[in-house]
Amino acid sequence: MGCSFSKQRQRLIGHHKQEEDPAAVLAAQTCFDLCDIEALYELFKKLSSSIVDDGLISKEEFQLGLFGNSKKRNLFADRIFDLFDSGKDGVIEFGEFVRGLSVFHPAALQPQKAAFAFRLHDIRQSGFIERDEVREMIVALLSESQLVFSDDIIQLIIDKAFQEADLKGDGKIDPDEWQQFVARNPSLLRNMTIPHLKDLNKEFRNFESSSDFIEDDIRNL
């Protein structure tokens, strides 16, 4: 059975040319097919109406839906939200949601996943990953995992990473160095794949279950 979008859904996705099918445009730009996009629309509706039903995902709704808390600051939630929000207007539209999730699809290429992971770690948006940003990420990860490492252990982790990744020895990691680092250490991207995104067509008939699986996978990034 084919998948189609109502006019209401097409308005939510948004498109500029009258003759364009907005769902087809998203399918062409991402790893998802039309049925996948319909399933993602249902997940988007659930998230975007959790606090205010306005067809947009706010940062509070993103954190509430995917991380279980709309108030507690979560560095990873903040960074992922900011990267999904390509328009930089403080909300995630449906097209941004689909394009952002596409990076986590099992079929997305490793360089694409690595580029997203680089931007995730480039907290200051300087075009480089620096030591203080790595430290901030490690501390946030430990806090979320309720683990405690000494400052000496954290420093050893940072030193080891920069010893291997900072090929120029300038105290920062540029995108090319990062791509090479990830190529040598592919396990760094293990959390950049959400397995259930591959099965949206199969699981669409049991949407609540597949939706929960996707939310759990994103929480575990």
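Here are some worked exercises on the predicted model shown above.

**Exercise 1: Get your bearings**

Task: Find how many helices and strands the protein has, and what share of its residues count as buried.

Solution:
- Start with the secondary structure: the protein has 12 helices and 4 strands.
- Next, look at burial. Of the 221 residues, 42% count as buried.
- Then check how far the contacts reach along the chain. Take contacts between residues at least 6 apart in sequence: 56% of these join residues at least 24 apart.

**Exercise 2: Take apart the nonpolar core**

Task: Work out which residues touch the most other members of the largest nonpolar core, and which helix gives the most to this core.

Solution:
- The largest nonpolar core holds 50 residues, and Phe94, Phe97 and Trp178 touch the most other members.
- Now sort this core by element. Helices H3 (34-48), H4 (59-67), H5, H6 (94-102), H7, H8, H9 and H10 each supply at least two residues.
- H3 comes out on top, giving 7 residues to this core.
- Zoom in on Trp178. Skipping residues up to four places away in sequence, Trp178 touches Ala114, Ala117, Phe118, His121, Ile129 and Ile173.

**Exercise 3: Place Phe116**

Task: Decide whether Phe116 is buried or exposed, and list what Phe116 is in contact with beyond its neighbours within four places in sequence.

Solution:
- Locate the residue first: Phe116 sits in helix H7.
- Its relative accessibility is 6%, so Phe116 counts as buried; the cut-off for buried is under 20%.
- With the neighbours within four places set aside, the contacts of Phe116 are Leu83, Phe84, Val103, Phe104 and Met192.
- For a sense of distance, try Leu189: Phe116 and Leu189 are 73 residues apart in sequence, yet their C-alpha atoms are 10.0 Å apart in space.

**Exercise 4: Walk around the largest pocket**

Task: Find the volume of the largest pocket, the residues closest to its centre, and the helix with the largest share of its lining.

Solution:
- Begin with the space itself: the largest pocket takes in about 990 Å³.
- There are 28 lining residues, and His121, Ile138, Leu141, Leu188 and Arg190 are the closest to the centre of the pocket.
- Go through the helices. H5 (75-84), H7 (110-121), H8 (131-144), H9 (151-165) and H10 (175-184) each supply at least two lining residues.
- H8 has the largest share of the lining, with 5 residues.
- Finally, sort the lining of this pocket by class: 21 residues are nonpolar, 4 are polar and 3 are charged.

**Exercise 5: Follow the salt bridges**

Task: Count the salt bridges in the structure, then say which parts the Glu136 and Arg124 pair ties together.

Solution:
- The total is 10 salt bridges.
- In one of them, the side chains of Glu136 and Arg124 come to 3.0 Å, N to O.
- Glu136 belongs to helix H8 and Arg124 to the loop between H7 and strand E3 (129-130), so this pair ties together parts 12 residues apart in sequence.
- Check accessibility for both. Glu136 counts as partly exposed at 26%, and Arg124 also counts as partly exposed, at 44%.

Task: Do the job again for Glu164 and Arg184.

Solution:
- These two side chains form a salt bridge at 3.7 Å, N to O.
- Glu164 is in helix H9 and Arg184 in helix H10, so the bridge ties together parts 20 residues apart in sequence.
- Glu164 is partly exposed at 26% relative accessibility, and Arg184 is partly exposed at 41%.

Task: Classify each partner of the Lys168 and Glu177 salt bridge by accessibility.

Solution:
- The closest N and O atoms of Lys168 and Glu177 are 3.9 Å apart, which fits the cut-off of within 4 Å.
- Lys168 counts as exposed, at 53% relative accessibility, whereas Glu177 counts as buried, at 1%.
- Other bridges share partners: Lys59, Asp78, Arg79 and Asp82 are joined into one network this way.

**Exercise 6: Finish with Asp78**

Task: Describe where Asp78 lies and what it is in contact with outside its neighbours within four places in sequence.

Solution:
- Asp78 is part of helix H5.
- With a relative accessible area of 12%, Asp78 is buried.
- Leaving out neighbours within four places, Asp78 is in contact with Lys59, Gln63 and Arg73.
- Take Gln63 from that list: Asp78 and Gln63 are 15 residues apart in sequence and 8.2 Å apart in space, C-alpha to C-alpha.

Definitions and conventions: Residues numbered from 1 in each chain as written. Predicted model: local features only at pLDDT ≥ 70, side-chain atom pairs only at ≥ 80, totals over all residues. Heavy atoms only, no water. 1 Å grid on protein atoms, 1.4 Å probe; cavity = no way out; pocket = protein on both sides within 12 Å on 5 of 7 lines; lining within 4 Å. Points joined across faces, edges and corners; volume = space filled by probe spheres on them. Nonpolar A, V, L, I, M, F, W, Y, C, P; charged D, E, K, R; others polar. Buried < 20%, exposed > 50% of the residue type's maximum accessible area, 1.4 Å probe, protein only. Contact = heavy atoms within 4.5 Å. Core = buried A, V, L, I, M, F, W, Y, C linked by side-chain atoms within 4.5 Å.
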